[in-house]
Amino acid sequence: MLSCNSNAVFDQYIPIEKQEWHSEKSVDFTLNNMDTISLNNVFITLRNNKDYEFSSLFLIAKLEMPNGFKVIDTLEYEMTDASGKWLGSGFTDLKENKLFYKENVVFSEIGTYKFYIQHATRGINDIEGKNPLKGITDVGLRIEKEKK
């Protein structure tokens, strides 16, 4: 939901089936008709519950531009503070996180932009990665117009 005074131009969550996110399954977002002039901040949003067992989260985020050019980023986000308290907002076992992805982005090309988000979280001695990653209930993308 967007409020009337919200600067969000896109805000969507996709639920993770059975709250088990498989590393080979990306969460995909397609955007069309983006403002080609304004500065925007891009956030990865997600919800987790108490079944999430790590203090951080590793993601691989891919942005495909209308001309086919791709930008791939490996990202790490802290999910808890040093004492193990969740950093996300919410008063129940479900926490909501708004994670900075890209700052001051201009979608300068006309056409379709595609975002793909995969998890790459691993345990200390885990070479293959945590598959499935439990406790992530929803993954989202939020784009906000930069406030002047």
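**Salt bridges around an open sheet**

Let me start with one residue: Glu144 is buried, at a relative accessible area of 9%. Keep in mind that this is a predicted model.

Glu144 has two partners to discuss. With Lys98 it forms a salt bridge whose closest N and O atoms are 2.6 Å apart. Lys98 sits in strand 7 and Glu144 in strand 10, 46 residues apart, so this pair links distant parts of the chain. Lys98 itself is partly exposed, with a relative accessible area of 46%. The second partner is Arg142, and here too the closest N and O atoms of the salt bridge are 2.6 Å apart. Arg142 is buried, as is Glu144. Add Asp11, and we have a network of salt bridges that links Asp11, Lys98, Arg142 and Glu144.

Now the sheet. Four strands form an open sheet in the order 1-10-4-7, with antiparallel pairing. Strand 1, residues 8-15, and strand 7, residues 95-105, are the edges, each pairing on one side only. On average, neighbouring strands of this sheet are turned by 15° against each other, ignoring direction. Strand 1 pairs with strand 10, residues 136-145, over seven bridges in the antiparallel sense. Within strand 10, Gly140 is the bridge partner of Tyr13.

Back to charges. How many salt bridges does the structure hold? There are eight. One more to mention is Glu20 with Lys134, where the closest N and O atoms are 3.9 Å apart. Glu20 is in strand 2 and Lys134 in strand 9, so the pair ties together parts 114 residues apart in sequence. Both ends count as partly exposed: Glu20 at 28% relative accessibility, Lys134 at 41%.

Notes:
Residues numbered from 1 in each chain as written. Predicted model: local features only at pLDDT ≥ 70, side-chain atom pairs only at ≥ 80, totals over all residues. Heavy atoms only, no water. Pairing = 2+ DSSP bridges. Helix = DSSP H or I, 4+ residues; strand = E, 2+ residues; numbered from the N terminus. Axes fitted to C-alpha atoms, helices over the stretch in contact; angles between N-to-C directions. Salt bridge = Lys/Arg side-chain N within 4 Å of Asp/Glu carboxyl O. Buried < 20%, exposed > 50% of the residue type's maximum accessible area, 1.4 Å probe, protein only.
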